[in-house]
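User: I am new to reading protein models and would like some help. Could we go through one together, step by step?

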Amino acid sequence: MASWVLRSFLTSNNFRNGVFHIKRRAHINTRIIDVFKLQPFGSHLSIKGWVKAMRKMKDNIFIDVNDGSCSDKLQVLIPKSKRPESLTYGAAIEAAGSLVMNKNGQIELAAEDVTVVGPCIVLDGYPFAPRKSYPSDYLRQYLHLRPRTNIFGALLRVRDRASCAINEHLHNNGYIHIHTPILTSNDCEGAGEVFRVKPDSENMLKEMAKEGLPLDEAYFDSKAFLTVSGQLHLEAVVRGLSKVYTFGPTFRAENSRTRLHLAEFYMIEAEAAFIESLDELVKIMECMIKDVSKQIMEDCTDDVQILHSSDGNEGSIMSVLEKPFQVMTYDQAINILEKHSGNFTSQARTGQGLSKEHELYLVKHAGDCPVFVIDWPHDIKPFYMKQCVHDSSKVSAVDLLVPRVGELCGGSLREDNLSQLQDKLTKLGLHEVLEWYLELRKYGNVPSGGFGMGFERYLQLILGIPNIKDTIPFPRWPHNCKL
């Protein structure tokens, strides 16, 4: 069979004199971003996209077409005689013709052939009108159609570039990308805000159940959860690879519908071995944020301007790029908040966490500059954080507070003292389930540290987006898991 196929290929008209010939199309399909970059005037080309606006003149019809590759729309001139019957706003089309510069100095495709690939039945409930902007809460009602709007298309392109820039930065600095599991048996933060996972088939669970085990443990022989963090897994890998990170979805089962919370979101988590001071860690965090932000501003200028145009928050990114981040201790932060207690609805108290209004006030107090708060009380931080050498009541932890969102990053040096870690896990009742975590400290242990940054909160920061639900394609929050 194979030899017959080969003989047929060699004797076909496509293969002549030992050379494979491809039949060329009359028009080469071109992305709109490349049309504006290359401006190949006089050439014949084909574009595909969606009609964003339509204007009827005496002899011609002008349509603005966008294919999502950039924010720009290409004007297409169509003689009335060549207008397809189903051509409307919102339709998907293919247009072929010559690229010209019109008398107004505008790039234009003089169409010779236009095909409606997918008509848009505008009068049958299409929720968007041409050249009209809509509030975010309205767009959120149409998650499946939201990517067609100018503003959300810009957001998705920036999100893509930010994701690439983060990966590039970490790779360029020697970090190895690790795919940490989404299904896990541990609650890394210890707060209990987890989604439990089990098969939907009760019959299968009954078949698999071992004596003495409840049904929700039948599949894995233990409870399983959606991950809240890949940190503990990174701590295992970093003791063989020195620098590692993960970038993936994380889940929190919080009953929170604020502008800063999601049930599913993305986290960048980095871990490095041989780190012995918070100074090293905060430099790594600051360098990554500034480098990535600079790349986004350089590569996505038009899209960033579109996203900022509604509320003029371009200054928020400048504060990240231009100012050195400040550092203060937890005790210093509490002192500042106590001195200005009249500004808050709830008072900051020593030994307690900071509320959102406290976090944002500290940023404002620092001149609207990002600020690292270090050396936190051990009672309000997770078990894995290293006890401070100079104060046993504190741990070497750091939270990065930024304009607009408050806490953006959290990190720490990791506890590398085996006996102290054993005591912590015993008190929490986790000694047995995290025996493997203790073994990391027994066999070739090294000092290490790391941090996590919420990707969607980062996008809120640099783009001035008030609600986190508008930074992700399909947001999930309590009472909402559409699509």
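Below, a student's questions about this structure are taken one at a time.

User: How confident is the predictor in this chain, as a mean pLDDT?

Analyst: Good place to start, since this is a predicted model. Of the chain's residues, 91% reach a pLDDT of 70 or more. The mean pLDDT of the protein chain is 91.

User: Which residues have a pLDDT that stays under 50?

Analyst: One stretch of the chain has low values, and the model gives that stretch 10 contacts beyond four places in sequence. Where pLDDT is low, the predicted coordinates should not be read in detail. The stretch to treat this way is residues 1-26.

User: How many helices and strands does the chain have?

Analyst: For an overall picture, the C-alpha trace spans about 80 × 70 × 45 Å along its principal axes. Of the 483 residues, 47% count as buried. The secondary structure of the chain comes to 14 helices and 18 strands.

User: What share of the contacts between residues at least 6 apart in sequence joins residues at least 24 apart?

Analyst: Here we set aside pairs that are less than 6 apart along the chain. Among the contacts that remain, the share joining residues at least 24 apart is 67%.

User: How far apart should the ends of helix α4 be, and what does the model show?

Analyst: Helix α4 covers residues 150-172, which makes 23 residues. At 1.5 Å a residue, the helix should span 33 Å. The model agrees, because the end C-alpha atoms of α4 are 33 Å apart.

User: Which residue with a positive phi follows α4?

Analyst: Look just past the end of the helix for a phi near 90°. The residue there is G174.

User: Is R161 buried or exposed?

Analyst: R161 sits in helix α4. Leaving out residues up to four places away in sequence, R161 touches E168, Q295, D299 and C300. Its relative accessible area is 16%, and the cut-off for a buried residue is under 20%. Therefore R161 is buried.

User: Which residue pairs with R157 in a salt bridge?

Analyst: Side chains of opposite charge can pair when their charged atoms come close. R157 has such a partner, with 2.9 Å from N to O. R157 lies in helix α4 and the partner in helix α8 (residues 301-308), so the pair ties together parts that are 146 residues apart in sequence. R157 is buried at 17% relative accessibility, and its partner is D303.

User: How many salt bridges does the structure hold?

Analyst: Another example is K394 with D391, where the closest N and O atoms are 3.5 Å apart. K394 counts as buried at 10% relative accessibility, while D391 is partly exposed at 24%. Some salt bridges share partners, and these join R140, R146 and D470 into one network. The total for the structure is 22.

User: Where do K210 and D221 lie?

Analyst: These two form a salt bridge, with their closest N and O atoms 2.8 Å apart. The pair ties together parts that are 11 residues apart in sequence, because K210 and D221 both lie in the loop between α5 and β11.

User: Which residues make the nonpolar surface patch of about 360 Å²?

Analyst: One member, F220, is found in the loop between α5 (202-208) and β11 (225-226). At 44% relative accessibility, F220 counts as partly exposed. The residues making the patch are L183, M208, Y219 and F220.

User: Which residues does Y126 touch, not counting those up to four places away in sequence?

Analyst: Y126 lies in the loop between β8 (107-118) and α3 (136-139). Y126 is buried, with a relative accessible area of 16%. The residues it touches are Y89, C120, I121 and R148.

User: Why is helix α14 described as largely enclosed?

Analyst: Helix α14 runs over residues 455-463. Among its buried residues are F455, Y458 and I462. The helix is largely enclosed by the rest of the structure because the number of its nine residues that are buried is nine.

User: How much area does the whole chain expose?

Analyst: Carbon and sulfur atoms supply 52% of the exposed area. The full value for the chain is about 24,500 Å².

Notes: Residues are numbered from 1 along each chain as its sequence is written. Side-chain values use heavy atoms; hydrogens and water are left out. Helices (H or I, at least four residues) and strands (E, at least two) are DSSP runs, numbered from the N terminus. The expected span of a helix is 1.5 Å times one less than its number of residues. Patches are made of residues with over 30% relative accessible area and no salt bridge: like charges are joined within 9 Å, nonpolar side chains (Val, Leu, Ile, Met, Phe, Trp, Tyr) within 5 Å. Accessible areas come from the Shrake-Rupley method with a 1.4 Å probe; for residues, only the protein chains shown count as cover. A salt bridge is a side-chain nitrogen of Lys or Arg within 4 Å of a carboxyl oxygen of Asp or Glu. Buried means under 20% relative accessible area, exposed over 50%, partly exposed in between (1.4 Å probe, protein chains only). pLDDT is the predictor's confidence in each residue, from 0 to 100. Contact means heavy atoms within 4.5 Å.
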